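Student: Got a minute to go through this model with me? I'd like to hear what you make of it.

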Amino acid sequence: MNKSTIACITAVIVSIGGVAISDGHISDEQIEAAVKARKAHMQLYSFNLATLGGMAKEEIPYDAEAASAAADNLVALSQVSQAGYWLPGSDSASVEGSRALPAIWEAGSDIGQKGADFAAAALAMQAAAGTDLAALKAGMGGLGESCGGCHKPYRAPRN
């Protein structure tokens with residue numbers, strides 16, 4: 001995904017989120033679109049993490065170019081504004097199929113810090129991924145911690 005594509009997607013998402021919130025009403029269609037968008041974003045994280053994790057577990061051969069590409073994708077994804085994905089009323093208590101716990105929207109939520117932690121772990125992996133297998137394995141710890149650090153308090157288990 002190139003930077004202009006990311007910028008375009010970000011502009012659309014921010015625009016949709018801004019329209020929804022600016023008039024004080026968020027339609028069911030906007031909520032549905034937000035949930036779909038964030039699920040798609042998480043699938044892209046998962047796809048790239050699976051490449052890196054497969055190499056780290058030595059289930060697939062280490063390939064510096066593929067590892068670097070997956071890490072680059074994680075960094076790019078972590079920089080896309082997700083503001084339009086997380087509309088109020090799109091939580092697991094309000095929308096069937098959402099796994100986002102209502103705690104995300106509660107006062108005192110540290111969800112923004114969790115996103116920043118993931119972005120930092122992705123940057124560290126980007127620096128390590130193409131170096132060698134040992135560096136990639138070392139970088140997986142930070143990525144795993146950052147994913148779990150958000151999923152444990154803010155994501156409902158699968159039904």
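**Talking through the model**

Tutor: Sure, let's start with one residue: Ala-33 sits in helix H2. Keep in mind that this is a predicted model.

Student: OK, is Ala-33 buried, exposed or partly exposed?

Tutor: Partly exposed, because its relative accessible area is 41%, and the partly exposed class runs between 20% and 50%.

Student: How far is Ala-33 from Leu-87, C-alpha to C-alpha?

Tutor: The separation is 9.9 Å, and the two residues are 54 residues apart along the chain.

Student: And H2 itself, how many residues does it have, and what does it span?

Tutor: H2 has 29 residues, and its first and last C-alpha atoms are 41 Å apart. That is close to the 42 Å expected at 1.5 Å a residue.

Student: What happens just after H2?

Tutor: Glu-58 comes there, with a positive phi of about 60 degrees.

Student: Let me zoom out. How many helices and strands are there?

Tutor: Five helices and zero strands, so to speak α-α-α-α-α when you read along the sequence.

Student: How much of the chain is buried?

Tutor: Of the 159 residues, 35% are buried. The accessible surface of the chain is about 8900 Å², and carbon and sulfur atoms hold 58% of that.

Student: What about contacts along the sequence, how many are between residues far apart in it?

Tutor: Take the contacts with a separation of 6 or more: 70% of them join residues 24 or more positions apart.

Student: Switching to pockets. What volume does the largest pocket have?

Tutor: About 940 Å³. Its lining has 30 residues, and Arg-38, Met-42, Tyr-45, Trp-86 and His-151 are the ones nearest the centre.

Student: Which helices supply at least two residues of that lining?

Tutor: H2 (28-56), H4 (111-129) and H5 (133-154) each do. H2 gives the most, with eight residues.

Student: And what's the lining like by class?

Tutor: You get 14 nonpolar, ten polar and six charged residues in the lining of the largest pocket.

Student: Back to helices then. What does H4 look like in terms of span?

Tutor: H4 has 19 residues and reaches 26 Å from first C-alpha to last, close to the expected 27 Å.

Student: Which residues of H4 are buried?

Tutor: Lys-114, Phe-118, Ala-119, Ala-121, Ala-122, Met-125, Ala-128 and Ala-129. The buried residues of H4 pack against H2, H3 (64-79) and H5.

Student: Why would positions a few places apart in a helix point the same way?

Tutor: An α-helix has 3.6 residues a turn, so residues three or four places apart end up pointing the same way.

Student: OK, H5 now. Why does its span agree with what you'd expect?

Tutor: Because the 22 residues of H5 should span 32 Å at 1.5 Å a residue, and its end C-alpha atoms are 31 Å apart.

Student: And which residues of H5 are buried, and what do they pack against?

Tutor: The buried ones are Leu-136, Gly-139, Met-140, Leu-143, Ser-146, Gly-148 and Tyr-154. The buried residues of H5 pack against H2, H3 and H4.

Student: Why does Ser-146 count as buried?

Tutor: Because its relative accessibility is 8%, and buried means under 20%.

Student: What is Ser-146 in contact with, leaving aside its neighbours within four places in sequence?

Tutor: Asp-117, Phe-118 and Ala-121. Phe-118 and Ala-121 also appear among the buried residues of H4.

How values were computed. Residues numbered from 1 in each chain as written. Predicted model: local features only at pLDDT ≥ 70, side-chain atom pairs only at ≥ 80, totals over all residues. Heavy atoms only, no water. 1 Å grid on protein atoms, 1.4 Å probe; cavity = no way out; pocket = protein on both sides within 12 Å on 5 of 7 lines; lining within 4 Å. Points joined across faces, edges and corners; volume = space filled by probe spheres on them. Helix = DSSP H or I, 4+ residues; strand = E, 2+ residues; numbered from the N terminus. Nonpolar A, V, L, I, M, F, W, Y, C, P; charged D, E, K, R; others polar. Buried < 20%, exposed > 50% of the residue type's maximum accessible area, 1.4 Å probe, protein only. Contact = heavy atoms within 4.5 Å. Areas by Shrake-Rupley, 256 points an atom, 1.4 Å probe, with all protein chains shown as cover. Expected span 1.5 Å × (residues − 1).
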